[in-house]
Amino acid sequence: IKRMKRIDFFLLLSENLFDYIVILLITTIIMWGIIKKSCDSLINPLCFNLIMAAFANTVPIFLFVESIIDFNYFIYFLAAELFFWIVFVHYYTNHDSFSKKIALKLDFNDVTILYYCFSILFFLFFVIQLKYFNFGLFLSERLAVFKDAGGLGVISRIASFVTIFNIFYLYHVLDNLKKLPIQIVFISIIVSLFVLAYIFLSGAKSALLQVVFQYYFYCVAFKRCMPSKKVMRTLLCVAVIGSLLIFSKYNDETGLSGTIISLINRMVANGDGYWYGYPNEVIETLEPAPWYIDLAGPFLYGLRIKDYSESIPGIGTQLVYAIMPDKYGMMIGANSRPPIWGYVMFGNCGVAFSIVWGMILGIMAQKAKTMFSTGIVGLTFGYILFMSVLAGITDPKLTFMSLFDGFIGLVITGFFIFIICLSRRGTN
């Protein structure tokens, strides 16, 4: 069996389309059982990740049915994925209420001051990126915006946190239009337009879904109600249209049909790590960093505890390099989902990793709902923690990348709150 490139997989899929569709339906039905138990809305971000997991899980089963991969890989995958979801669902329940803590005594005026501080930071970074770098939408490598930028790469980390906070603030402003001064409403709308433009210009194909997911989180965690179906439909339409526009930018084909095909291909590609790694035992050839270095890398290299020049490419990146050596050095990577990551790091004991990882993510998802205060600040950190969990379903390393964004946001928020408290004490 030769090494399988993306084009090889889609050629195999086109030749056995009926098999693929049947397997996809079966995996979707299985994942739907988890969705019913764990999700209370279709715009719950966990629901989206479970649907993408169904596409990912279809790939190794399809490869086995078509006699492309060994039986051992197939059994390992089934065991690792099954135990992961059993444990995750056991530790995470969607029915527990969100936190009612009021840990920070910040009134809305303080939050507004914090919002202005973050907005100034955002515009500063927006101008710096516009003048000295570029935006992912206009690059062949979306992730290479801050490549070789040194410490300025922190801009993307801070901007990620600030955009989340600003969108939550906007939702709160829109909910209280009649109670707030017109200048606050006007400023928040103008800032949000730039924030949405920044998200779109990042080039991430599902970036605008963040706006939809945050609306869900704002409703259930802050307002304690289910999302409005009318608003939900409007936001989904905006997110889908935005995603299609981004796909059309990267799409080789022309027209709406070509863009939709590209979108479907991207959904199928949630399982790209499996078709890169399993055929021809490519997964056995990888040489990753020790598991604790690979996971903690965002903190170790981001805080300059270790020299970034000594970093070893992640598992997903190594898979792409192994299949396509001409891509070496590019900031690109496949999805090294927990069964792949665990196998590369621990061999067949990766099944035990899947159990532990399912427990960790389940507990983290539960804590995201209960450990933070009820205000906009607590809502922001709860959302980041919850999305860190969902990132770990795609690739364990992504959890720590997301947590690092939250850590940077925590430092900046703490600094500004300290200044606000000092100024308040001075006026008293």
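The legends below describe an overview and close-up views of a predicted model.

**Figure 1. Overview of the chain, a model with 17 helices and zero strands.**
The structure is predicted. Of the 428 residues in the chain, 52% are buried. The chain exposes about 20500 Å², and carbon and sulfur atoms supply 67% of that area. Contacts between residues at least 6 apart in sequence were also sorted by separation: 76% of them join residues at least 24 apart.

**Figure 2. Surroundings of Q210 in helix 8.**
Helix 8 covers residues 209–223, and Q210 lies within this helix. The relative accessible area of Q210 is 19%, so the residue counts as buried, the cut-off being under 20%. When neighbours within four places in sequence are set aside, Q210 is in contact with T163, I164, I167, I199 and Y383.

**Figure 3. Packing of helix 14 against helix 15.**
Helix 14 spans residues 338–346 and helix 15 spans residues 350–370. Their axes lie 8 Å apart, and the packing angle is about 130 degrees. Helix 14 is therefore oblique to helix 15. The crossing of helix 14 past helix 15 is right-handed. On the helix 14 side, the contact is made by P338, P339, W341, G342, Y343 and F346. On the helix 15 side, G350, F353, S354 and W357 take part. Sorted by class, the residues of this contact are seven nonpolar and three polar, with no charged residues.

**Figure 4. Packing of helix 12 against helix 14.**
Helix 12 runs over residues 291–302. The axes of helix 12 and helix 14 come within 10 Å and cross at roughly 135 degrees. This angle makes helix 12 oblique to helix 14. Helix 12 contributes W291, D294 and L295 to the contact, while helix 14 contributes W341, M345 and F346. The class count for this contact is five nonpolar, no polar and one charged.

**Figure 5. W341 and F346 of helix 14 in the contacts with helix 15 and helix 12.**
W341 and F346 are among the helix 14 residues that make the contact with helix 15. W341 and F346 also belong to the contact between helix 12 and helix 14. M345 is one of the helix 14 residues in the contact with helix 12. P338, P339, G342 and Y343 are among those in the contact with helix 15.

Methods: Residues numbered from 1 in each chain as written. Predicted model: local features only at pLDDT ≥ 70, side-chain atom pairs only at ≥ 80, totals over all residues. Heavy atoms only, no water. Helix = DSSP H or I, 4+ residues; strand = E, 2+ residues; numbered from the N terminus. Buried < 20%, exposed > 50% of the residue type's maximum accessible area, 1.4 Å probe, protein only. Contact = heavy atoms within 4.5 Å. Areas by Shrake-Rupley, 256 points an atom, 1.4 Å probe, with all protein chains shown as cover. Axes fitted to C-alpha atoms, helices over the stretch in contact; angles between N-to-C directions. Parallel < 35°, antiparallel > 145°, perpendicular 65-115°, else oblique. Left-handed = near helix turned anticlockwise from the far one by under 90°. Nonpolar A, V, L, I, M, F, W, Y, C, P; charged D, E, K, R; others polar.
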